[in-house]
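Subject: Structure handover

Hi there,

Here is the structure I promised to pass on. Please open it beside this email, and then read on for what turned up in it.

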Amino acid sequence: MTAPATRLEVSGLAVARGDRSVVEGLGFSVATGEILHIRGRNGAGKTSLLEVLCGLRHPAAGRIASGPQPAELHWLGHKNGLNPALSAEENLRFWCALNGQPRAAVDAVLEPALQRVGLKALRHRPCGKLSTGQRRRAALARLLALPRPWWFLDEPLAGLDQSGIELLTDLLEAHARGGGAVLLTSHQPLPERLPGVRLLDLAR
Amino acid sequence: MSAVWAVLRRELLLAARHPSDWAQPLVFYAIVAVLFPFGVEVQDPALKTFAPAIVWVGALLAALLGVERIFRGDLDDGTLEQWLLSDVPAPLLVFAKLAAHWLLTALPLVLAAPFLAIALGLPAPAVKVLVLSLLLGTPCLIFTGGFAAALTVGAQRAGILLPILVLPLMTPAVIFGGGAVRAAAAGLPFEAPLYFLGALLALTVTLLPFATAGALRNALE
């Protein structure tokens, strides 16, 4: 069995979107306990870079020397991974069952996770009838229900109100302090209280 | 195996929420088979001759109805991204998804087929072979359709592209399925076409989930 990844290292990384190269010659590393904030203008390649780093797409050049395995990471993209016909609880139960969590274990983590993101009262409402921010919160509940050390979050602040941003900040802080790693893209500056934040500016 | 059950359970839950998704192919199938005799004389012996083809082509067209939508919803809501990043092998998830689709849309066609076949005047021994051939052949149709759906899931005009892609791939199932029923109706040996269908089934359910998962990954790139 492979030891859990404690560092993600890339060198000479190039990312292309279609025929267009959006990132070239990128090299950096991230360790557990750190938060990497990927920033850049629209079209700079933030999402594509994050997709390459988590394994959703192949790099155009360069390599990822070390990094987390699928079982060690969470991906939260622009889409929340929630079926609109199913409730937040049903969606979470599905993802937990898919990842081999026994029912009793799911029962134990589900309520605290939904409570933490403020969706306990709406747990049975179909996700298609939730607001954009509430769906984002339901997606965040997945990160809590299935604990994994590496979080790849693409514009996680999008659609969240002020209390949602506070919630996400708390989650990121707790995750980093607990030895997890976060790689996220965001146009907005991150709150200062977050520990171990490093900036990767794609404009440079 | 828990991942397979999780996918099956989710698909059954979704089918319960949207009954039209599984009822539509069944209704279409019944309409095709019921309306066909109106186009010819009811006592026309040609009807009995064409019955295997009517039931089989009807099943093919009904199975095609929902195929385009197999992965569309999962692409739109981000489920596919999560599947491809899961530590569960993507071909296994694809297999479960297509198996659930067969269970919900094709199995009702298989169960309805004997009634339609009897109505079309097919003799009883041929009806048994018909059911067996559909049991072997409809998974081939669904898994082939699923592969084509994965190839076109990101395409704007998948509705036109998909039938063009899929019909040549589905033709062998119709040839052997219809052939077995025709042979049984004529009192001839029907085992050989069924063996071909069995071989086709073994190939499609074991190999196409890998190709389909690859096509889905390609669609997300």
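Let me begin with a helix on a sheet: helix α1 (residues 46-54) of chain A lies across β1, β2 and β4 of chain A, and α1 runs at about 130° to β1(A). Helices (H or I, at least four residues) and strands (E, at least two) are DSSP runs, numbered from the N terminus. Angles run from 0 to 180 degrees between N-to-C directions, with axes being lines fitted to C-alpha atoms, for helices over the stretch in contact.

A word on the source before going further. This is a predicted model, in which local features need pLDDT of at least 70 and side-chain atom pairs count only at pLDDT 80 or more, while totals for chains, interfaces and linings use all residues. Residues are numbered from 1 along each chain as its sequence is written, and chains are lettered from A and ligands numbered from 1 in the order in which they are written.

**The antiparallel sheet**

The sheet under α1 is an open one of 3 strands in chain A, with the order β2-β1-β4 and antiparallel pairing. (Two strands pair if DSSP finds at least two bridges between them.) Its edge strands are β2 and β4 of chain A, each of which pairs on one side only. From one strand to the next, the twist averages 15°.

Strand β1 (residues 7-17) and strand β2 (residues 20-31) of chain A are joined by 8 bridges in the antiparallel sense. Going along β1, A:L8 stands opposite A:V30, A:L13 stands opposite A:L26, and A:V15 has A:V23 as its bridge partner. The hairpin of these two strands has 2 residues between them, and A:G18 there takes a positive phi near 65°. On the other pairing, β1(A) meets strand β4 (residues 61-66) of chain A over 4 antiparallel bridges, with A:E9 partnered by A:S66.

**The parallel sheet and helix α5**

Chain A also has an open sheet of 5 strands, ordered β5-β6-β7-β3-β8, with parallel pairing. At the edges stand β5 (73-76) and β8 (197-201) of chain A; each has a single partner strand, so one side of each is left without a neighbour in the sheet. Direction ignored, neighbouring strands here are turned by 15° against each other on average. Within the sheet, β6(A) and β7(A) run parallel and are joined by 5 bridges, and A:D154 has A:T185 in β7(A) as its bridge partner.

Helix α5(A) packs on this sheet, where α5 touches β3, β6 and β7 of chain A, and its direction makes about 145° with that of β7(A). How far apart are the end C-alpha atoms of α5 (residues 162-177) of chain A? They are 22 Å apart, which agrees with the 22 Å that its 16 residues should span at 1.5 Å a residue; the expected span is 1.5 Å times one less than the number of residues.

Buried in α5(A) are A:L168, A:L171, A:L172, A:H175 and A:A176. Seen down the axis of α5(A), the buried residues fall within an arc of 125°, so they line one face of the helix. (The arc is that of the directions from the helix axis to the C-beta atoms.) A residue is buried if 20 or more other C-beta atoms lie within 10 Å of its own, exposed if 12 or fewer, and partly exposed in between, with C-beta atoms placed from the backbone.

What covers the buried residues includes β3 (35-39), α4 (132-145), β6 (150-154) and β7 (181-185) of chain A. Turned away from that buried side are the exposed residues A:Q162, A:S163, A:E166, A:A174 and A:R177. After α5(A) comes A:G179, with a positive phi near 95°.

**Where the chains meet**

The contact between the chains takes 22 residues from chain A and 20 residues from chain B. Two residues are in contact if their C-beta atoms, placed from the backbone, lie within 7 Å. On the side of chain A that touches chain B, helix α2 (residues 88-98) of chain A gives the most, with 4 residues.

One residue to look at is B:D87, in the loop between α5 (79-85) and α6 (90-119) of chain B. Leaving aside its neighbours within four places in sequence, B:D87 is in contact with A:Q69, A:P70 and A:A71. B:D87 counts as partly exposed, because 13 C-beta neighbours lie inside 10 Å.

Happy browsing!
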